[in-house]
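User: Hey, can you walk me through this one? I'm new to reading models.

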Amino acid sequence: MATSVAPHDVYAINEKVFVAHASTGQMSEARVMKVGPPAGKSGKTYLVRYENAADRRDEWVNTDRMLKFSDEVRKVLQLGRSRRKQPSTRTEPRYQLEIPISVRWKLMEDQQNLQDRLVVQLPRVPTVRTMLENFQASRPSSGEQMVPQLAALFDEALGSLLLYRHERLQYERCRTRHPDLPPSQIYGLEHLLRLFAVLPELIEAANPTLEHGSSLMATCNELIKYLNENLGRFSSTLCYEPNLQGHAVDTT
């Protein structure tokens, strides 16, 4: 059965939690020190103290940036960090994506399901292409020029960057069964979200003009907002099935 994880909106004083950094989204361990008044649609606010940090770094945060603490979630977070570690001389990336906490949860859920020897059922409904077309229809000024580029980028990146080792046989079988279909017409939300995890580095490596790179990232941020608004339509814990390839899952 697929593991389902979700944010909570009630935390107790002295409870251990994960808090997303306001600008980078990096998750840090913290402890709830005080409970504050509600902050609109974001629910209650909490004063948190970060692990191994001085009390002057205490911060009031809302529930959109908080997750319940568990060893399982910590393991998944550590997996994600180990995959992203690469030597770099740049201290501040030129391009950044604003990824909502609920989308981050979907990425973590995907990694946990892979650890549980599950794979996404293919073909996926809706496909990446369908979601991109729906996004373009809902925001024509944002996606008219960039959406075809994003679809092409997904098609190019999937085989080399977005698959874990135990998914490759499934990928090859899909290519054999659907030789005329690009990956964006086979794969869905789970693999599209994986693209966002590496997209800033991909765009940086492509070295586009600043105007083009900034326009592409603006479209991606709009796309992430759209996906976040429609997670209920596009995601499902029932889309996973057992990995039957007969070897252990390797997510390194």
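User: Which helix has the lowest mean pLDDT among the elements, and which the highest?

Analyst: Helix H1 (residues 71-84) has the lowest mean pLDDT, 55, and H3 has the highest, 92. pLDDT is the predictor's confidence in each residue, from 0 to 100. Helices (H or I, at least four residues) and strands (E, at least two) are DSSP runs, numbered from the N terminus. This is a predicted model, where local features need pLDDT of at least 70, side-chain atom pairs count only at pLDDT 80 or more, and totals for chains, interfaces and linings use all residues. Residues are numbered from 1 along each chain as its sequence is written, and side-chain values use heavy atoms, with hydrogens and water left out.

User: What's the mean pLDDT of the protein?

Analyst: The mean is 78, and 76% of the residues reach 70 or more.

User: And where does pLDDT stay under 50?

Analyst: Residues 1-8 stay under 50, and so do residues 82-91. Where pLDDT is low, the predicted coordinates should not be read in detail.

User: New topic: which peptide bonds are cis?

Analyst: Leu-122 to Pro-123 is cis, with omega near -5 degrees. Val-125 to Pro-126 is cis too, with omega near 0 degrees. Pro-123 sits in the loop between strand E6 (118-120) and helix H3 (128-138), and Pro-126 lies in the loop between E6 and H3.

User: What about Asn-52, buried or exposed?

Analyst: Asn-52 counts as exposed because its relative accessibility is 80%. Buried means under 20% relative accessible area, exposed over 50%, and partly exposed in between (1.4 Å probe, protein chains only). Asn-52 also has a positive phi of about 60 degrees, although it isn't a glycine.

Methods:
Contact means heavy atoms within 4.5 Å.
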